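Please open the structure in a viewer and keep the sequence at hand. The stops below proceed by selection, each followed by an account of what is found there.

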Amino acid sequence: MGALNTLNCGVSGYGNTGFGSCILSFDRIAGAFLVPRSYVLTPANIAALQSKLQTDAQAADPINRIYPIHYFEGITDNSADVTDQTLGYQSLIEVNPGDYNWLFQYIEGGLCLNKALWKLKKGSWSVLFYDKAFKLFGYKSGANLKGVPLKKLNVPKWRPNDGNANVMLTQVGFVFEPSYINEQIGFVDTSDLSIDLTSIVGLQDVALTSLAARAAGVMQIGAITGCGSVNLYNTYGDNLNNVSAWVATNASGALIDITSVGKNANLKGWTITLSTSDADYVSAGPINIQLADPSTLAGAPITMPGYESNKLSVA
Amino acid sequence: MKKKSTEPSFNVEYVKGKKKDEFVKEFKDVYPNVDLGAIHDKLTAK
């Protein structure tokens, strides 16, 4: 509560310098989660951290999704030095503490991850880091843990293997103000919570393809991974052999009832039949087909976690 | 009864709105090797 002519120095301007035998320090930073600016981990969320993060990594709406990046292999610390002003009597006074600018190399994910990060770098993100000891950290806001707001998500263009000393170089960098992880630091030591942060994986893109011309309300659809073009039929043929795994819409976005889904072993895809009596069915003109949202795919009876498809327009 | 992995998946509410002969006629060309009558019996019994 404010009071006239009273500074808040006693509240926020001092920090006691004593410490006990258990101190906070971080090991090598091993990974990060890109999170929306508004993302908050409440005490209740932290108590069920693994399921909270996994659920949010597969959120149906990409705006509300968190994006894990694991297996950092090295760091280049390009953080800015503090800027001081030398006063007339040669005293130094801090003008600007300088931003952090951390650049991490990764191998796992390669160009698939690089391509995804190039899309994400256009957005406005915060970040939660974790270290090799699985301490998750960002900044503390009341009783909550929040991601550090990024000034820049830095995704350099990849560099080729030079055939001499360096493998192909893929990197991701984070630029942010230092106050968040100095005076405001917030962390969760997950080492005693049986949590494996690396098991919280991001979604893979699925590219749907039309395997044959649509015959009235019958479509033949294939599914391959968006990066690598691995046919998903052999692994997930049964999982996607479910009406609830698919969504059909007309050009206006109105849902069209799917009446059946069957495996097509010859085409290595799925036969999908639509209700031609549905008022939203169109005999002429494109019909959009896509997989259900990631959380539906992850749940029973489909149990195919970690995937999100494109929307395929079938003539 | 659990669906066999190779058996097509049907929209149960849609099937319940169809008589067996209508259902079989509608899907026999799509799934020629499937016992559609048995599937109709199973799904409409739920």
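Which residue of S1(B) does Val261(A) stand opposite? Select Val261(A): the residue facing it is Ser9(B) in S1(B). It should be borne in mind throughout that this is a predicted model.

**First stop: the strands that join the chains**

Select residues 258-264 of chain A, which form strand S19, together with residues 9-10 of chain B, which form strand S1. These strands run antiparallel and are joined by two bridges. Besides the pair already visited, Ser260(A) stands opposite Phe10(B).

**Second stop: the sheet shared by the chains**

Widen the selection to the open sheet of six strands, whose order is S22(A)-S15(A)-S16(A)-S20(A)-S19(A)-S1(B). Its pairing is mixed. At the edges stand strand S22 of chain A (307-309) and S1 of chain B; each has a single partner strand, so one side of each lacks a neighbour in the sheet.

**Third stop: the contact between chain A and chain B**

Now display the residues of each chain that touch the other: 15 residues belong to chain A and 12 residues to chain B. Between them the two chains bury about 990 Å², with 50% of this area on carbon and sulfur atoms. On the side of chain B, Ser9(B), Asn11(B) and Tyr14(B) lose the most area to chain A, and together they account for 41% of what that side buries. Ser9(B) is thus met again, having been seen opposite Val261(A).

Next, examine the interactions across this interface. Seven residue pairs are in polar contact, while the count of salt bridges between the chains is zero. The side of chain B that touches chain A comprises six nonpolar, four polar and two charged residues.

**Fourth stop: a sheet within chain A**

Turn to chain A and select S4, S7, S13 and S12, which form an open sheet in the order S4-S7-S13-S12 with antiparallel pairing. Strand S4 (72-77) and strand S12 (152-154) occupy the edges; each has a single partner strand, so one side of each is left without a neighbour in the sheet. From one strand to the next, the twist averages 20°.

Within this sheet, select residues 100-106 (S7) and residues 170-176 (S13) of chain A, which pair over seven bridges in the antiparallel sense. Here Phe104(A) stands opposite Val172(A).

**Final stop: the helix across the sheet**

Which strands of chain A does helix H4 lie across? Select residues 110-120 of chain A: this helix lies across S7, S12 and S13, and runs at about 150° to S7(A).

How values were computed. Residues numbered from 1 in each chain as written. Chains lettered and ligands numbered in written order. Predicted model: local features only at pLDDT ≥ 70, side-chain atom pairs only at ≥ 80, totals over all residues. Heavy atoms only, no water. Contact = heavy atoms within 4.5 Å. Buried area = accessible area lost by both parts, 1.4 Å probe. Salt bridge = Lys/Arg side-chain N within 4 Å of Asp/Glu carboxyl O. Polar contact = N/O pair within 3.5 Å; in protein donor to acceptor, adjacent residues only side chain to side chain. Nonpolar A, V, L, I, M, F, W, Y, C, P; charged D, E, K, R; others polar. Pairing = 2+ DSSP bridges. Helix = DSSP H or I, 4+ residues; strand = E, 2+ residues; numbered from the N terminus. Axes fitted to C-alpha atoms, helices over the stretch in contact; angles between N-to-C directions.
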